[in-house]
Each structure stands twice: as C-alpha cells, then as structure tokens.
Amino acid sequence: MAEARGGGSDGGGGSSSVSGGPGRAQLFSTVMDAFLGKLVAAGSYQRFASCYRSFYRLQPEVTKSIHSQFVAQLQASIRAEVQEVMDEGNLEALLDSLDKIVEEAEPQEEPAWRPSGIPEEDARSALVPYLLKHRSYLLRALKNKEEENKKVAESVLAGRGRISELQQQIQAHKRAWQALSKEQQELVLTFQQPQ
C-alpha cells in the first residue's frame, strides 16, 4: 500500500504518535493492506474454481491465470480508489495534523471538558458564566440609570423650587398691584367727593 500512496516505505512521511508507534496514516495503510489480504484470502483459488467447475475441469491452468489476473486487478483497483479518496480529501495531511493535535493535547494536566450525561448540569455549566456576566452588565446599567434618575429628580426639584419662587414673586407683584390699585381708587374717590 505504501507504493500506491506514494509515501515510500515509511508509511506516510514518518509521522508517529505520541507513544512512538506508527502514525495514523501508517495505521491506515496497514489496515488497508490487512483488508486486501483478507479479501484475497476470501476469494481464494479453490473458491474461484468451485464457482467455475466446468471451466476449471476443461482448462485448470487458464482458470488459475484468470484468477491471478482477477485478484491483481481487484487489488490494483481498490488501491487506486483508496489513493484517489486520500488525494481528494487530503487524508494523509489530515491524519498527520490529527497526530499533532493529539501530541499537543497529551501534556495537559487538566482533562478536556466532557458532557456529564445530565443535560441540566451541562447546560448550567455553560450558561452560568454567561448569565453572571450578563447580570453584572445589567447591574451596571441599573446603577447608571439610577444615577441618571437621581440627577433628573434633582433637576425636577430645582425646577419646582424655581416655580415656587416665581409664584411667590407673582403673588407679591399681584398684591403690590392690588395695593396700588386700591390707593388709586381712594385717590380718585377723594377728588370726586368735594363737588
């Protein structure tokens, strides 16, 4: 399989997993070779000959040759198809990058997050930090609004105080005008009486 992949005899660029064993690309190649070996064993010459008994009885050498050609073409076809899939999907590079990711993850002391199997707890562990952050945002917004409301209330109270002062001034002017008007009426009455 190594020659079909074009990777040489090292099975995929010589990458290896963390434990020093073969990399995933090489393991894939080994699995494919094992698969082809079992496929050839399942399609043995005896089974092939038993399927074509009459032809085998007439020409056993030709039957053997046909079987050998069939097996060789089947293996070549499968290897070509697998290689095409690997090339199209860039499978070897992906397997190598997966090996690197696993290598980088090995020294982590803390295990990666895994779901507990209890959806409520999993959702809570994901939502609580978000909700706490949102709560602090809302508390800040509330504090800002309360400060704005306090300033507006102070402004309203100051406006009411100014209105009260203006009303008092108006009342004072009204009383002064009424007093002046009363004096004028008295003055007019004094001029009218002597006649």
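Which residue forms a salt bridge with R24? The partner is D99, and the closest N and O atoms are 2.6 Å apart. This is a predicted model. It holds 4 salt bridges. Three of them are described below, followed by a nonpolar patch on the surface.

**A bridge between distant parts of the chain**

- R24 and D99 join distant parts of the chain, with their positions 75 residues apart in the numbering.
- R24 belongs to helix α2, which covers residues 24-42.
- D99 belongs to helix α6, which covers residues 91-105.
- R24 has a relative accessibility of 30%, so R24 counts as partly exposed.
- D99 has a relative accessible area of 2% and is therefore buried, because buried means under 20%.
- This salt bridge thus pairs a partly exposed arginine, R24, with a buried aspartate, D99.

**Bridges within helix α7**

- Helix α7 spans residues 119-192.
- One salt bridge in this helix joins the side chains of E148 and K145, at 3.7 Å from N to O.
- E148 and K145 are 3 residues apart in helix α7, so about one helical turn separates them.
- E148 is partly exposed, at a relative accessible area of 43%.
- K145 is partly exposed as well, at 48%.
- Another salt bridge joins the side chains of R162 and E165, at 3.6 Å from N to O.
- R162 and E165 also lie in helix α7, 3 residues apart, or about one turn of the helix.
- R162 has a relative accessibility of 44% and counts as partly exposed.
- E165 is partly exposed too, with a relative accessible area of 43%.

**A nonpolar surface patch**

- Y52, F55, V62 and I66 make a nonpolar patch on the surface.
- The patch has an area of about 330 Å².
- I66, one of its members, sits in helix α5, which covers residues 60-89.
- I66 has a relative accessible area of 35% and is partly exposed.
- That value puts I66 above the patch cut-off, because patch residues need over 30% relative accessible area.

**Points to find in the structure**

- Start with R24 in helix α2 and look for D99 in helix α6.
- Then go to helix α7 and find E148 with K145.
- In helix α7, also find R162 with E165.
- Finish at the patch of Y52, F55, V62 and I66.

Methods. Residues numbered from 1 in each chain as written. Predicted model: local features only at pLDDT ≥ 70, side-chain atom pairs only at ≥ 80, totals over all residues. Heavy atoms only, no water. Helix = DSSP H or I, 4+ residues; strand = E, 2+ residues; numbered from the N terminus. Buried < 20%, exposed > 50% of the residue type's maximum accessible area, 1.4 Å probe, protein only. Patch = residues over 30% accessible without salt bridge, like charges linked within 9 Å, V, L, I, M, F, W, Y side chains within 5 Å. Areas by Shrake-Rupley, 256 points an atom, 1.4 Å probe, with all protein chains shown as cover.
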